[in-house]
Structures are given as structure tokens and as C-alpha cells.
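Walk through this fold with me, from the overall make-up to the local details. Keep the model open as you read.

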Amino acid sequence: MALRFSKPSRRMRGVAALAVTVAAACCLAPAFLPTTSPSAATRRELVAAGAASLAAAFGLAGTAEAYELPPLGYAYDALEPSIDKATMEFHHDKHHQTYVTNINKAFEGKTQPSLVDLQKGAIKAGGAARNSGGGVYNHDMFWMEMAPKGQGGAASAKLAAAIDGTFGSMDEFKAKFEAAGAPGARFGSGWVWLVVADGGKLAITSTPNQDNPLMEGVEGTPGIPVLGCDVWEHAYYLKYQFRRPDYIKAWWDVVNWNQVSAWYEDARAGKAPVVDGSSTAVALVGNRK
């Protein structure tokens, strides 16, 4: 079986580039220093200036780090029968890749914010920031919040208690979530979400297209998303055709509750899911307390 290796993260590439630049600056610093003995502060300034010059010479300064298509944490067929292999291949490799390509084109030559930071003003910015930036963030979350059947654990005790307290029971929560994602409630393309809203309360909401609850001015309930289901037709049509409710119901079998529970804890502290390569999914096996 062929092995799949992940690309270095944006952060790791940046660290490597900085290390090369600083090392080169330290080695070559004497060439930049005056013949008289400068103060320690002056030496630091001269070395920093030399590092900046070297970074520019090597194309490391002012270069925006590209957003990337993250590899799946499981095989394309690992979510069957809930989601079929062909859908996963098209959804991840084609649709998600298109969002990544388009947002990188929009930010070409510009400083790129983190995906989390990009979401806040995406609706106001419009265009690629909203459609492609939202698409990248939403899909990054989507792959991380799923796991092969039997490997995603169960909701943590704290999350389960919050769900019971807000919706009555886990079954009632699922029924309300499915209703919010049904064609009659979310007409056309979009997402249905479980969010931590103001005051730390859980809420179910849905958004059109690639909008999400982190965006200022979003339709529905704003908040920090901890679970989201893609109800665009490309997420389910090959297997389910027009039967979106059947897709959502089957999707519960592959929810990675370990990851959702971890995001819930972060959301209670006001932190949104970080999905751009600077964090990794929690373990698939075993429940969180």
C-alpha cells in the first residue's frame, strides 16, 4: 500500500526559512560591521539589517505563505458506507482544491492572514475571501471532524451534558440538527452547524453557500462552530441523489466526537478551531472526559 506523506505546515516552512536566514546572517555579519568596535545594540541592528537583506535576496521576505489542501487523516473509502469513496475523492481533491487555488490567487503577492482571522471580515470583503476563504476553512473542519465508524468516540461528559441541557437529549439534538439541514430549512447549498454562542450556550444554525458562524454579519446565529455538516449536493449526491436527510442521518456514524469535544472545550474559552496546519486532530480512539 502506498504511503501518503503530509507536506510541511506553513508554520514549519516559515520557521525553516527564518532559521536559514538567521544562520546566514550570523555567519556573514562581520562583513557588514564597521572597523570600529560598535556597541552590542548596534551590532544587533546591523545583523538584523543583514538578515533582512539576505531574506530579500533569497526571496524569503514579504512572500505570502500559500494556503494548502490538507491531506485526509484516513483513506478515501474509510467513511463508507456513510460517505462513498468516489464522493470523498471528488469532494476533497477537486472541490476543496478549487477553493484553495482560488483563495491563493486572490492573495497572490499579499500577506495572507490565518484562516481563522480571515473568516471574521469575510462577508464584508466578499468575493474570494467569503466564498473561497470560507470554503477552505469549512472543509478543513469537515475532514477533521470525521473518522471511520467506531473510531470517533462519544461526546465528552461536558459536551453531552450541555447537549442534554440545551436540546433535551442527544437524540433530540440530532433530530433538530437534521431538520435544520433539510432542504426545506436550508434551501440550496450551505452548511448546518452546532455552535457555542454568546454566554457559552449551544445553538443549532445554518448558513448559505460557504458562510460560517465566525463571519460578522452572518445569517442565523453567530458563534464558534464545533460541528458542521456540508449540505452542498457535491457532498452527497453521488450516493444519495436528492435524499439529503438520509445523508445527514448516516453522517452521524462517522462524526469524530473526540475532535468535536476538544473544540467545544476551546470554544468555551473563546477559541475557534484552528485548521490551517498549526494544530492537529485529537486521537481518534478513546473518549474524552
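Of the 289 residues of the chain, 43% count as buried. The model is predicted. Its secondary structure comes to eleven helices and three strands. Read from the N terminus, the elements run α-α-α-α-α-α-α-α-β-β-β-α-α-α. Take the contacts between residues at least 6 apart in sequence: 71% of them join residues at least 24 apart.

Start with the sheet. How are the three strands ordered? The open sheet has the order S2-S1-S3, and the pairing is antiparallel. S2 and S3 stand at the edges with a single partner strand each, so one side of each has no neighbour in the sheet. On average, neighbouring strands are turned by 25 degrees against each other, direction ignored.

Look at the S1 and S2 pair. These strands pair in the antiparallel sense over seven bridges. Strand S2 covers residues 202-208. Two positions help to fix the register. Val192 stands opposite Ser206 in S2. Leu194 has Ile204 of S2 as its bridge partner. The hairpin of S1 and S2 has five residues between the strands, and there Gly199 takes a positive phi near 80 degrees.

Now turn to the other pair. Strand S1, residues 190-196, pairs with S3 in the antiparallel sense over six bridges. Here Val196 has Ile224 of S3 as its bridge partner.

Are the edge strands enclosed or open to the outside? Burial gives the answer for each strand. In S3, residues 224-230, seven of the seven residues are buried, so the strand is largely enclosed by the rest of the structure. In S2, six of the seven residues are buried, so this strand is also largely enclosed by the rest of the structure. Buried here means under 20% relative accessible area. An edge place in the sheet leaves one side of S2 and of S3 without a neighbouring strand, yet S3 and S2 are both largely enclosed.

Which helices lie against the sheet? Helix H11, residues 257-268, lies across S1, S2 and S3. It runs at about 145 degrees to S3. Return to the sheet order S2-S1-S3. S2 and S3 are the edge strands, each with a single partner. H6 packs on this sheet and touches S1 and S3. The direction of H6 makes about 85 degrees with that of S3.

H6 has a helix partner too. Helix H3 (residues 85-106) and helix H6 (residues 127-144) pack at an angle of about 140 degrees, with their axes 8 Å apart. That angle makes H3 oblique to H6. The crossing is left-handed. On the H3 side, the contact is made by Met88, His91, His92, His96, Tyr99, Val100, Asn102, Ile103 and Ala106. On the H6 side, the contact residues include Ala128, Asn131, Gly135, His139, Asp140 and Trp143. By class, the contact has ten nonpolar, nine polar and one charged residues.

A second helix pair is H7 (residues 157-167) with H8 (residues 170-181). Their axes come within 8 Å and cross at roughly 70 degrees. That makes H7 roughly perpendicular to H8. This crossing is left-handed. Ile163, Asp164 and Phe167 of H7 meet Met170, Glu172, Phe173 and Lys176 of H8. By class, the contact of H7 with H8 has four nonpolar, no polar and three charged residues.

Finish with the loops. Between H2 and H3 lies Pro81. A cis peptide bond joins Glu80 and Pro81, with omega about 5 degrees. Ser82 is found in the loop between H2 and H3. Is Ser82 buried or exposed? Ser82 is buried, with a relative accessible area of 6%. Leaving out residues up to four places away in sequence, Ser82 touches Lys239, Tyr240, Ala250, Asp253 and Val254.

Two other loop residues have a positive phi without being glycine. Asn209 lies in the loop between S2 and S3, and its phi is near 55 degrees. Asn209 is partly exposed, with a relative accessible area of 40%. Gln241 lies in the loop between helix H9 (237-240) and helix H10 (244-251). Phi of Gln241 is near 50 degrees. Gln241 is partly exposed, with a relative accessible area of 29%.

Technical notes
Residues are numbered from 1 along each chain as its sequence is written. This is a predicted model: local features need pLDDT of at least 70, side-chain atom pairs count only at pLDDT 80 or more; totals for chains, interfaces and linings use all residues. Side-chain values use heavy atoms; hydrogens and water are left out. Buried means under 20% relative accessible area, exposed over 50%, partly exposed in between (1.4 Å probe, protein chains only). Helices (H or I, at least four residues) and strands (E, at least two) are DSSP runs, numbered from the N terminus. Two strands pair if DSSP finds at least two bridges between them. Axes are lines fitted to C-alpha atoms, for helices over the stretch in contact, and angles run from 0 to 180 degrees between N-to-C directions. Angles under 35 degrees count as roughly parallel, over 145 as roughly antiparallel, 65 to 115 as roughly perpendicular and the rest as oblique. A crossing is left-handed if the near helix is turned anticlockwise from the far one by less than a right angle, and right-handed if clockwise. Contact means heavy atoms within 4.5 Å. Ala, Val, Leu, Ile, Met, Phe, Trp, Tyr, Cys and Pro count as nonpolar, Asp, Glu, Lys and Arg as charged, and the others, Gly among them, as polar.
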